[in-house]
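Okay, thanks for coming, everyone. I'll put the structure up and then walk you through it piece by piece.

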Amino acid sequence: MIQSSFRLATADDLDSLVALEDRCFHTDRISRRSFRRFIDMPRDRLLLAEHQGQLAGYCLVLMKTNTRMARIYSIAVAPEWRGAGLGEAIVREAERQAAKAGRIVMRLEVRTDNPAAIALYERLGYRRFGTLRDYYQDHQDALRFERRILFYEPSAEFPAIPYYPQTTDFTCGPASLLMAMSAVDERQPLTTLEELRIWREATTIFMLAGHGGCGPHGLALSAWNRGFNATAWISQEGPLFRETVRSPDKKRVLELVHEGFLHDIGQTGIELHHDPLTLEEIERALRAGQVPVILISTWQLNRSRVPHWVTVCAVDDQFVYLHDPEVNVEDGETIADNQYLPIDRRIFDRMSRYGRSQPLQAAVIVGPKRTP
Ligand SMILES: CC(C)(COP(=O)(O)OP(=O)(O)OC[C@H]1O[C@@H](n2cnc3c(N)ncnc32)[C@H](O)[C@@H]1OP(=O)(O)O)[C@@H](O)C(=O)NCCC(=O)NCCS
């Protein structure tokens, strides 16, 4: 690995940048004018790598407005210094700068006929997520890659929460509850059988088109019945998800199940709140070693409006960190993508409501085990 130092470009670097660009690219070159514009743009970073006082490479990182994405718009290393780890060092420095600016994900495009760059990105953990047809001036396609760059630093202020991926499409609630319970008490088993048991206890039976998921009443009862303290926060009274099914028979089943849950809750010490659970309360609970599971709308995550349970792990002044039990393997996701997922606080606020006309807010906070 060759030694290099990094700094941001200034107008004095334009001559050497243009010369490097000419040597590194045959098409889609960035013009002198464009380089100047990027240098003047306070949001973006034109990062230079110098070796022995000479320009050895650069990386241009664009910080999009209104999103938490950064994008490597261009990267190049002088031919004489390639293959010595400089490309890797520049990408890592670009990621550090973008993460410092609050960006969660780095994205980039690369020509399909650029094996050196593709090999580099794959080695650095970038995942391919799409293709842009006819993207370059010579009509070549571009492969799109991305990598998460901002990670939660575990801190003693919040409970350590083990991650557990849901086994079926309809067990996000049980999987989230399992994570919360096992964080509060490490003896709580994290098994598929336990996940399915909780689903059988807590399901609303019907919801949308498929199997019913779980509601907050049922999940709070499952936690209580395993010896945990539990508080349920539900912004609406009456049966939940009633409007997601059409047939009167299904509506009636939902009503009966709801009445049953209310009856069972009446036999326990579960506190039922009908006011919204604020982020301040979520943070207070976490700092006290309690773990909230909350219902979100997946609209902000993947543009589908599905009610979905997640476990809240930590809160800082920028982000709320979630364990999302759903791993979309077909989209190339791995477990690592769904642990401590950082969600902008403002987006979290919108996300933690399900439905448009009368948004439902629902959460269960799992507290310490009751003394027998
Ligand atoms: C892509 C680029 C920035 C990489 O810079 P670099 O300093 O050589 O990067 P590194 O030394 O850190 O790593 C390069 C990797 O590519 C591999 N590589 C080099 N030539 C390769 C080839 N023809 N096929 C496959 N892999 C190749 C190297 O072996 C190395 O991987 P390894 O360390 O696992 O062996 C540089 O090649 C470059 O400037 N190319 C021209 C401009 C360009 O294509 N930019 C990318 C636009 S998306």
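**Two domains and what sits in them**

So, to start: the centres of domain 1 and domain 2, taken over C-alpha atoms, are 41 Å apart. The assignment puts domain 1 at 5-148 and domain 2 at 172-369; bounds like these come from an automatic or database domain assignment.

Quick housekeeping. This is a predicted model, so local features need pLDDT of at least 70 and side-chain atom pairs count only at pLDDT 80 or more, while totals for chains, interfaces and linings use all residues. Residues are numbered from 1 along each chain as its sequence is written.

How do the domains touch? On the contact count, 6 residues of domain 1 meet 5 residues of domain 2, where contact means C-beta atoms, placed from the backbone, within 7 Å. The domain 1 side of that splits into 2 nonpolar, 1 polar and 3 charged. For those classes, Ala, Val, Leu, Ile, Met, Phe, Trp, Tyr, Cys and Pro are nonpolar, Asp, Glu, Lys and Arg are charged, and the others, Gly among them, are polar.

Now domain 1's stretch of the chain, and its sheet. It's an open sheet of 7 strands, ordered β1-β2-β3-β4-β5-β7-β6, with mixed pairing. Strands here are DSSP E runs of at least two residues, helices are H or I runs of at least four, and both are numbered from the N terminus; a pair of strands needs at least two DSSP bridges. β1 (5-8) and β6 (127-132) are at the edges with a single partner strand each, so each has one side without a neighbour in the sheet. On average, neighbouring strands are turned by 30 degrees against each other, direction ignored. Angles in this talk run from 0 to 180 degrees between N-to-C directions, and axes are lines fitted to C-alpha atoms, for helices over the stretch in contact.

Looking at one edge, β6 pairs antiparallel with β7 (residues 142-148) over 5 bridges, and L132 sits opposite A142 in β7. Helix α1 (residues 14-24) packs on this sheet, touching β3 (54-63) and β4, and its direction makes about 90 degrees with that of β3.

And the ligand? There are 19 residues around it, the closest being R82, G87, E88, P115 and A116; the shell criterion is a C-beta atom, placed from the backbone, within 6 Å. The elements giving two or more residues to that shell are β4 (69-77), α3 (86-100) and α4 (115-123). Which of them gives the most to the shell? That's α4, with 6 residues. By class, the shell has 12 nonpolar, 4 polar and 3 charged residues.

Over to the second sheet. This one is also open, with 7 strands in the order β9-β8-β14-β10-β11-β12-β13 and mixed pairing. The edges are β9 (271-273) and β13 (341-344), each with a single partner strand, so one side of each is left without a neighbour in the sheet. Inside it, β10 (residues 291-297) and β11 (residues 307-315) run antiparallel, joined by 5 bridges, with I294 opposite V310 in β11. Helix α9 (residues 279-287) packs on that sheet, touching β10, β11, β12 (319-323) and β14 (362-369), with its direction at about 60 degrees to that of β11.

Last item, a helix pair. The axes of α7 (residues 216-225) and α8 (residues 248-266) come within 9 Å and cross at roughly 35 degrees. H217, G218, A220 and L221 in α7 meet F261, L262, D264 and I265 in α8. That contact has 5 nonpolar, 2 polar and 1 charged residues.

How values were computed. Contact = placed C-beta atoms within 7 Å.
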